[in-house]
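Trainee: Hey, got a minute to go through this one with me? I'd like to start with the strands.

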Amino acid sequence: MTEYKLTVRADQDLEDAYEYLYKLNPDAALKLLLALKKRCASLATMPGQGKQRNEFNKFIKVGGLRSAAEHNYTIFYRQTNYGALIIRILHHSRDVDQFFTPDSYSEQIVE
């Protein structure tokens with residue numbers, strides 16, 4: 001079975017993106033949310049999409065971090081035995097280095 005799971009932070013990233021865009025355009029916010037979730041599902045079913053992000057391995061001590069783009073967002077994830085663990089979903093304008101440090105990295109999954 002292939003599925004994706006969101007970390008607590010990735011779930012919050014989705015909520016933040018939706019809420020921000022909803023204030024500007026509710027229809028666009030829903031379309032974005034659906035597109036991001038569809039891309040997450042795709043990452044779970046087709047391993048190895050996107051590019052390897054080995055530059056973060058020295059900081060977070062976890063191998064296999066990858067990223068894939070969807071609209072103006074980058075989805076950071078790892079392949080797992082069940083599919084994909086979505087670590088973060090960040091807007092392209094964000095400085096991703098600040099999100100992948102030992103103090104800010106977490107794989108706590110949404111229950």
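Mentor: Sure. Keep in mind that this is a predicted model. Start at strand β3, residues 66-70: four of its five residues are buried, so the rest of the structure largely encloses it.

Trainee: OK, and how many bridges join β3 to strand β4?

Mentor: Five, and β3 and β4 run antiparallel. Strand β4 covers residues 73-79. Look at A68, for example: I75 in β4 stands opposite it. Another pair is E70 with its bridge partner Y73 in β4.

Trainee: What happens at H71, in the hairpin of β3 and β4?

Mentor: That hairpin has two residues between the strands, and H71 takes a positive phi near 55°.

Trainee: And which way does strand β2 run relative to β3, parallel or antiparallel?

Mentor: Antiparallel, with two bridges joining β2 (residues 51-52) to β3. One residue to check is K51, whose bridge partner in β3 is S67.

Trainee: Zooming out, what's the strand order in the sheet?

Mentor: It goes β1-β5-β4-β3-β2, an open sheet of five strands with mixed pairing. The edges are β1 (3-6) and β2; each has a single partner strand, so one side of each has no neighbour in the sheet.

Trainee: Switching topic: which residues form the negative surface patch?

Mentor: D11, E15, D16 and E19.

Trainee: Where is E15 found, and is E15 buried or partly exposed?

Mentor: E15 is in helix α1, residues 8-24. With a relative accessible area of 38%, E15 counts as partly exposed.

Key:
Residues numbered from 1 in each chain as written. Predicted model: local features only at pLDDT ≥ 70, side-chain atom pairs only at ≥ 80, totals over all residues. Heavy atoms only, no water. Patch = residues over 30% accessible without salt bridge, like charges linked within 9 Å, V, L, I, M, F, W, Y side chains within 5 Å. Areas by Shrake-Rupley, 256 points an atom, 1.4 Å probe, with all protein chains shown as cover. Salt bridge = Lys/Arg side-chain N within 4 Å of Asp/Glu carboxyl O. Lys, Arg positive; Asp, Glu negative; His and termini not counted. Charge placed at Lys NZ, Arg CZ, Asp CG, Glu CD. Buried < 20%, exposed > 50% of the residue type's maximum accessible area, 1.4 Å probe, protein only. Pairing = 2+ DSSP bridges.
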